[in-house]
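Q: I would like to learn how to read a model like this one, feature by feature. Where do we begin?

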Amino acid sequence: QRPHTSLCSHCGKRFALKQYQRDHLNIHTGASQPYKCNFQGCDRAFRQGSKLWMHIRSHKVFIVNKVKT
């Protein structure tokens, strides 16, 4: 198990990886939304990479369901 080495200076939450801390800080700072969806016709963007991946899965579920019907 990884030690939680990175600490958020705003809320005290701890993170195992620096990348997770950087993504988390975007919530506090109101930073731009650097994670953009690249599906055609979609203009959604997110502050956290994990939120983008959840969103992308929704596109894939829609495509699979559309093909099955």
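Q: Which residues make up the largest nonpolar core?
A: Bear in mind that this is a predicted model. A core of this kind joins buried nonpolar residues through their side chains. Here the largest one has five residues in all: Cys-37, Cys-42, Phe-46, Leu-52 and Ile-56.

Q: What does Cys-42 touch, not counting residues up to four places away in sequence?
A: Cys-42 touches Cys-37, which belongs to the core as well. Two histidines, His-55 and His-59, complete the list of its contacts.

Q: Which elements does the chain contain, and how do they run from the N terminus on?
A: Count the elements, then read their order. The chain has four strands and two helices. From the N terminus on, the order is β-β-α-β-β-α.

Q: How many of the contacts in the chain join residues 24 or more positions apart?
A: Take the contacts with a separation of 6 or more as the reference set. Residues 24 or more positions apart account for 7% of that set.

Q: What share of the chain do buried residues make up?
A: The chain has 69 residues, and 25% of them are buried.

Q: Why does the span of helix α1 agree with its number of residues?
A: Use the rise of 1.5 Å a residue. Helix α1 covers residues 18–29, which is 12 residues, so the expected span is 16 Å. Its end C-alpha atoms lie 16 Å apart, and therefore the two values agree.

Q: Which residues of α1 are buried?
A: The buried residues of α1 are Gln-21, Asp-23, His-24 and Asn-26.

Q: What comes just after α1?
A: Check the backbone there. Gly-30 follows α1 and takes a positive phi of about 70 degrees.

Q: Is Ile-27 buried, partly exposed or exposed, and why?
A: Compare its relative accessibility with the cut-offs: under 20% is buried, over 50% is exposed. Ile-27 has 45%, so Ile-27 counts as partly exposed. Ile-27 lies in helix α1.

Q: What is Ile-27 in contact with, leaving aside its neighbours within four places in sequence?
A: Ile-27 is in contact with Arg-47 and Gln-48. Arg-47 is 20 residues from Ile-27 in sequence, yet their C-alpha atoms are 6.8 Å apart.

Q: Why does Ser-6 count as buried?
A: Apply the test used for Ile-27. Ser-6 has a relative accessibility of 4%, so Ser-6 counts as buried. Ser-6 is found in strand β1, residues 6–7. Leaving aside neighbours within four places in sequence, its contacts are Lys-13, Arg-14, Phe-15, Leu-17, Lys-18 and Gln-21.

Q: Why does Pro-3 count as exposed?
A: Pro-3 has a relative accessible area of 55%, so Pro-3 is exposed. Pro-3 is found in the segment before β1. Pro-3 and Arg-14 are 11 residues apart along the chain, and 9.3 Å separates their C-alpha atoms.

Q: What is the volume of the largest pocket, and how is empty space found?
A: Rolling a probe the size of a water molecule over the atoms shows where empty space is left. In this model the largest pocket has a volume of about 160 Å³.

Q: Which residues line the largest pocket?
A: The lining consists of Lys-13, Phe-15, Tyr-20, Asp-23, His-24, Gln-48, Gly-49 and Ser-50. By class, two are nonpolar, four polar and two charged.

Q: Which elements supply the lining of the largest pocket?
A: α1 and α2 (49–68) each supply at least two residues. The largest share, three residues, comes from α1. Asp-23 and His-24, both buried residues of α1, are among the lining residues.

Technical notes:
Residues are numbered from 1 along each chain as its sequence is written. This is a predicted model: local features need pLDDT of at least 70, side-chain atom pairs count only at pLDDT 80 or more; totals for chains, interfaces and linings use all residues. Side-chain values use heavy atoms; hydrogens and water are left out. A nonpolar core is a set of buried Ala, Val, Leu, Ile, Met, Phe, Trp, Tyr and Cys residues joined through side-chain atoms within 4.5 Å. Buried means under 20% relative accessible area, exposed over 50%, partly exposed in between (1.4 Å probe, protein chains only). Contact means heavy atoms within 4.5 Å. The expected span of a helix is 1.5 Å times one less than its number of residues. On a 1 Å grid over the protein atoms alone, a cavity is a set of points where a 1.4 Å probe fits but cannot get out, and a pocket is an open set with protein on both sides within 12 Å along at least five of seven lines; lining residues have an atom within 4 Å of a point. Grid points are joined across faces, edges and corners, and a volume is the space filled by probe spheres set on the points. Ala, Val, Leu, Ile, Met, Phe, Trp, Tyr, Cys and Pro count as nonpolar, Asp, Glu, Lys and Arg as charged, and the others, Gly among them, as polar.
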